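Reader: Before I use any of these terms, I would like to see what stands behind them. Please show the structure and then take my questions in turn.

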Amino acid sequence: MLKNLILVLIGDRYKSDLTEDNPYRGLSDEELVKTIIETNNTLLFGIIYDRYANKIYTKCSGFSWSDDEAADLTQDVFLTIYVKMGSFKGNSKFSSWVYALTYNFCVNYVNRNKARKMSEKSEKLDANDPGMTFDVEDKSLFQMRSDKLKTVLEQIAPEDKAILLLKYQDDVPIKELSAILDIGESAVKMRLKRAKARLLETYNATS
């Protein structure tokens, strides 16, 4: 029932009521979110939908196997954004918060489908972990062929894929990642280091 209600709030019927000359459209994301929270004006969520629908759908497509599945994930992400909007603290850009929430939702979705869960032990140092024995320079990532890189991203763990996309596709800085993920900056760097190493290892092993 709640899901259907939220989808009505962010769906086409509400979007059509938000004309292009609506003064709220000129607000920044952060100002708009603050206004929605303070006034409880759910209609304004349609503006958030307009700004992020295509971007979120594209990101969900990277974790799904069909257009329908991506559309379902997108709807669920918007529901989550609507429910959790009050927890946005302004420690990062709203777009960074949205993208992190989207990736996290998709990662959990993929992991549930594979009957496995994220574990804290992945954050512990392991001398045998190839991701901790050497550091991959960023320029190595930029030199990868885009077509092959896209294939490799589908092969690595979804949590590794998510943090790499946040950092290198969405340009979310370490400080914002730390605030969004609620972990220290050193832990963020550790995750990135490990993810880059695994990406490079898979890339080199792919013909």
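Reader: How many Å² does the protein expose, and what share of it do carbon and sulfur atoms supply?

Author: The protein exposes about 11,900 Å², with 50% supplied by carbon and sulfur atoms. Accessible areas come from the Shrake-Rupley method with a 1.4 Å probe, and for residues only the protein chains shown count as cover. This is a predicted model, in which local features need pLDDT of at least 70 and side-chain atom pairs count only at pLDDT 80 or more, while totals for chains, interfaces and linings use all residues. Residues are numbered from 1 along each chain as its sequence is written, and side-chain values use heavy atoms, with hydrogens and water left out.

Reader: What makes up the secondary structure of the protein?

Author: There are 12 helices and zero strands. Helices (H or I, at least four residues) and strands (E, at least two) are DSSP runs, numbered from the N terminus.

Reader: Why is D171 called exposed?

Author: Exposed means over 50% relative accessible area, buried under 20%, and partly exposed in between (1.4 Å probe, protein chains only). D171 has a relative accessible area of 57%, so D171 is exposed. D171 is found in the loop between α10 and α11, and its phi is near 60 degrees, a positive value in a residue other than glycine.

Reader: What makes D182 count as exposed?

Author: The relative accessibility of D182 is 69%, and therefore D182 counts as exposed. D182 lies in the loop between α11 and α12. Phi of D182 is near 60 degrees, again a positive value in a residue other than glycine.

Reader: Why are α11 and α12 called roughly perpendicular?

Author: Their axes come within 9 Å and cross at roughly 105 degrees. Axes are lines fitted to C-alpha atoms, for helices over the stretch in contact, and angles run from 0 to 180 degrees between N-to-C directions. Angles under 35 degrees count as roughly parallel, over 145 as roughly antiparallel, 65 to 115 as roughly perpendicular and the rest as oblique. α11 and α12 are therefore roughly perpendicular to each other.

Reader: Which residues of α11 and α12 meet?

Author: I174, K175, L177, S178 and L181 in α11 meet E185, V188, K189, R191 and L192 in α12.

Reader: How many residues are in the largest nonpolar core, and which have the most contacts inside it?

Author: The largest nonpolar core (buried Ala, Val, Leu, Ile, Met, Phe, Trp, Tyr and Cys residues joined through side-chain atoms within 4.5 Å) has 47 residues, and I81 and F94 have the most contacts inside it. The largest share, 12 residues, comes from α6.

Definitions and conventions
Contact means heavy atoms within 4.5 Å.
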